[in-house]
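Me: I would like to go through this protein slowly, one question at a time, with each answer showing how it was reached.

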Amino acid sequence: MENNIREFRLNYDFSQDRLAEKLGVSRQTIISLEKGRYNPSIKLAFKLASLFSCQIEDIFIYKEE
C-alpha cells in the first residue's frame with residue numbers, strides 16, 4: 001500500500017520524531033510507514049487522518065495486486 005505520510009508530515013512541518021510523539025508511536029514506526037514497510041492499524045490510520053484533517057483515503061492509496 002502506498003501512502004502520502006511524508007508529504008503530509010512535511011506540509012505540517014513535523015519531524016518524524018514530532019509526528020511519532022503526536023501519534024503515540026515510535027519514530028521507527030513512522031519510518032516504516034513512510035517507506036511502505038508497515039501497514040498501520042485502523043486506529044493509527046484514523047489518528048493520522050484526524051491529525052492532518054483529511055480522509056484516510058487522502059493518506060493511503062490502496063492498489064490491488
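Me: Is Ser41 buried, partly exposed or exposed?
Reply: Buried means under 20% relative accessible area, exposed means over 50%, and partly exposed lies in between, with a 1.4 Å probe and protein chains only. Ser41 is found in the loop between H3 and H4. Because its relative accessibility is 38%, Ser41 counts as partly exposed.

Me: Before we go on, what sort of model is this, and how are its residues numbered?
Reply: This is a predicted model, in which local features need pLDDT of at least 70 and side-chain atom pairs count only at pLDDT 80 or more, while totals for chains, interfaces and linings use all residues. Side-chain values use heavy atoms, with hydrogens and water left out, and residues are numbered along each chain as its sequence is written, from 1.

Me: In what order do the helices and strands of the protein run?
Reply: Helices (H or I, at least four residues) and strands (E, at least two) are DSSP runs, numbered from the N terminus. The protein has five helices and two strands. Read from the N terminus on, the order of these elements is β-α-α-α-α-α-β.

Me: What radius of gyration does the protein have, set beside the globule rule?
Reply: The radius is taken over C-alpha atoms, and the rule is 2.2 Å times the number of residues to the power 0.38. For 65 residues, a compact globule would have a radius of gyration near 11 Å, and the value for the protein agrees, because it is 11 Å.

Me: Which residues of H3 are buried?
Reply: Helix H3 covers residues 27-34, and it is mostly covered, since six of its eight residues are buried. These residues pack against strand E1 (2-3), H1, H2 and H4, where contact means heavy atoms within 4.5 Å. The buried residues are Thr29, Ile30, Ile31, Ser32, Leu33 and Glu34.

Me: Which element gives the most residues to the largest nonpolar core?
Reply: A nonpolar core is a set of buried Ala, Val, Leu, Ile, Met, Phe, Trp, Tyr and Cys residues joined through side-chain atoms within 4.5 Å. Of the 17 residues in the largest one, Ile5, Leu19, Leu48, Phe52, Ile59 and Phe60 touch the most other members. The elements giving two or more residues to this core are helix H1 (5-11), H2, helix H3 (27-34), helix H4 (42-51) and helix H5 (56-59). With four residues, the element that gives the most is H4.

Me: Which residues does Leu19 contact, apart from its neighbours within four places in sequence?
Reply: Several members of the core just described appear in this list, including Ile5, Leu48 and Phe52. Leaving those sequence neighbours aside, Leu19 is in contact with Ile5, Arg9, Phe14, Ile30, Leu48, Leu51 and Phe52.

Me: Is Arg9 buried or exposed?
Reply: Arg9 lies in helix H1. Not counting residues up to four places away in sequence, Arg9 touches Phe14, Ser15, Gln16, Leu19, Glu34 and Phe52. Because its relative accessible area is 7%, Arg9 is buried.

Me: What separates the C-alpha atoms of Asp17 and Ile30?
Reply: Asp17 lies in helix H2 (residues 16-23), and because its relative accessibility is 48%, Asp17 counts as partly exposed. Asp17 and Ile30 are 13 residues apart along the chain, and the separation of their C-alpha atoms is 8.3 Å.
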